[in-house]
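Biologist: Could you take one part of this model, the packing of its interior, and go through it closely? I would like to know which residues hold the centre and what surrounds them.

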Amino acid sequence: MHNHDILIRLRYALDIKNKDMVEIFKLGDIEVTREEVMQMLTKPKDDYYDEYDDGMDEDEDGVNCNNMMLESFLNGLIIFKRGRQGPKPGQPQSQAPDVKIKESVNNILLKKLKIALTLTSEDMIDILDEAGVMITKGELSAILRKVGHRNYKECGDRYARNFLKGLTLRYRG
């Protein structure tokens with residue numbers, strides 16, 4: 001799944017308004033205009049994508065949403081939904097983006113949505129079940145683990161797409 005597809009589906013599932021999209025990006029430390037958000041939410045005219053292109057290039061179709069921008073949006077969504085968390089003693093002020101450590105965008109999507117929407121593992125299993133996908137608690141736990149863990153499993157597009165579909169059914173259905 002491409003990052004702009006994730007943004008489009010997430011915006012629809014959670015019924016996020018355009019001005020809130022700009023605010024969420026701002027909370028994630030990315031300054032974008034409403035027009036740039038609208039360009040990110042517009043599908044390109046042709047359905048060809050370069051699967052290795054995750055840069056923020058501007059072309060005639062609009063602004064591409066790279067992995068860093070998507071993660072910043074998800075971090076902003078957590079702050080938007082739950083409020084800003086103060087720094088804990090002994091921890092650094094800001095963290096480096098997780099996507100740079102070769103973790104799947106889909107894994108990060110599920111982890112950050114779990115935090116933002118205060119979902120339990122059972123809630124996530126129910127959401128996937130509503131979309132017609134059966135997943136065990138062990139499989140979900142493997143998807144939510146850190147990259148170096150021995151039980152880590154990369155989340156495929158099927159789970160991410162159906163999770164967003166289940167969110168749509170739950171929040172808009």
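Modeller: A nonpolar core here is a set of buried Ala, Val, Leu, Ile, Met, Phe, Trp, Tyr and Cys residues joined through side-chain atoms within 4.5 Å. The model is a predicted one, and what follows is computed from its atoms.

First, the setting. The protein has 8 helices and 2 strands, which follow one another from the N terminus as α-α-α-β-β-α-α-α-α-α. Of its 173 residues, 43% are buried. Among contacts with a sequence separation of 6 or more, 68% join residues 24 or more positions apart.

The largest nonpolar core has 46 residues, and the members that touch the most others are Leu7, Leu10, Phe25, Phe73, Leu113, Phe163 and Leu167. At least two residues of this core come from each of α1 (3–14), α2, α3 (34–40), α4, α5 (105–116), α6 (121–130), α7 (137–143) and α8 (157–172).

Two of those well-connected members, Phe25 and Phe73, are buried. A search of the whole structure returns 1 aromatic pair. Its members are Phe25 and Phe73, with ring centres 5.0 Å apart and planes at 50°, so the pair counts as tilted. The angle falls between the cut-offs, since planes under 30 degrees apart would be stacked and planes over 60 would be edge-to-face. In sequence the two partners are 48 residues apart, with Phe25 in helix α2 (residues 18–27) and Phe73 in helix α4 (residues 67–82), and the pair therefore links distant parts of the chain.

Next, helix α5. Of its 12 residues, 10 are buried, so the helix is mostly covered. The buried set consists of Val105, Asn106, Asn107, Ile108, Leu109, Leu110, Lys111, Lys112, Leu113 and Ala116. It therefore includes polar and charged side chains, Asn106, Asn107, Lys111 and Lys112 among them. The cover over these residues includes α1, α4, α6, α7 and α8. The length of α5 agrees with expectation, because 12 residues at 1.5 Å a residue should span 16 Å and its end C-alpha atoms are 16 Å apart.

Within helix α5, Leu110 is a useful probe of the surroundings. Leu110 counts as buried because its relative accessible area is 2%. Beyond residues up to four places away in sequence, Leu110 touches Met124, Ile143, Leu144, Cys155 and Phe163. Phe163 is also one of the core members with the most contacts to other members. Leu110 and Leu164 are 54 residues apart in sequence, with their C-alpha atoms 9.3 Å apart in space.

Just before that helix, Ser104 sits in the loop between α4 and α5. Ser104 is buried, because its relative accessibility is 10%. Leaving out neighbours within four places in sequence, its contacts are Tyr152, Glu154 and Cys155. Cys155 thus appears beside Ser104 and also in the contact list of Leu110.

Cys155 is buried at 2% relative accessibility, and Cys65 is buried at 8%. A search of the whole structure finds 0 disulfides.

Helix α8 supplies the other side of part of this picture. Its buried residues are Tyr159, Ala160, Asn162, Phe163, Leu164, Gly166, Leu167 and Thr168, and what covers them includes α1, α5, α6 and α7. The helices α5 and α8 cover each other's buried residues in part. For α8, 16 residues at 1.5 Å each should span 22 Å, and its end C-alpha atoms are 22 Å apart, so the two values agree.

Leu167 shows the same region residue by residue. Apart from neighbours within four places in sequence, Leu167 is in contact with Leu10, Ala13, Leu113, Leu117, Ile127 and Arg172. Leu10 and Leu113 in that list are, like Leu167, among the members with the most contacts inside the core. Arg172 in turn lies over the face of Tyr12, 4.0 Å from the ring centre.

Away from the core, two loop residues deserve a note on backbone geometry. Asp15, in the loop between α1 and α2, has a positive phi of about 55° without being a glycine. Asp15 is partly exposed, because its relative accessibility is 42%. Asp29, in the loop between α2 and α3, has a positive phi near 70°, again in a residue other than glycine. Asp29 is exposed, with a relative accessible area of 70%.

Definitions and conventions: Residues numbered from 1 in each chain as written. Predicted model: local features only at pLDDT ≥ 70, side-chain atom pairs only at ≥ 80, totals over all residues. Heavy atoms only, no water. Phe/Tyr/Trp six-rings, centres within 6.5 Å; stacked < 30°, edge-to-face > 60°. Helix = DSSP H or I, 4+ residues; strand = E, 2+ residues; numbered from the N terminus. Buried < 20%, exposed > 50% of the residue type's maximum accessible area, 1.4 Å probe, protein only. Lys NZ or Arg CZ within 6 Å of the ring centre and 35° of its normal. Disulfide = S-S within 2.5 Å. Contact = heavy atoms within 4.5 Å. Expected span 1.5 Å × (residues − 1).
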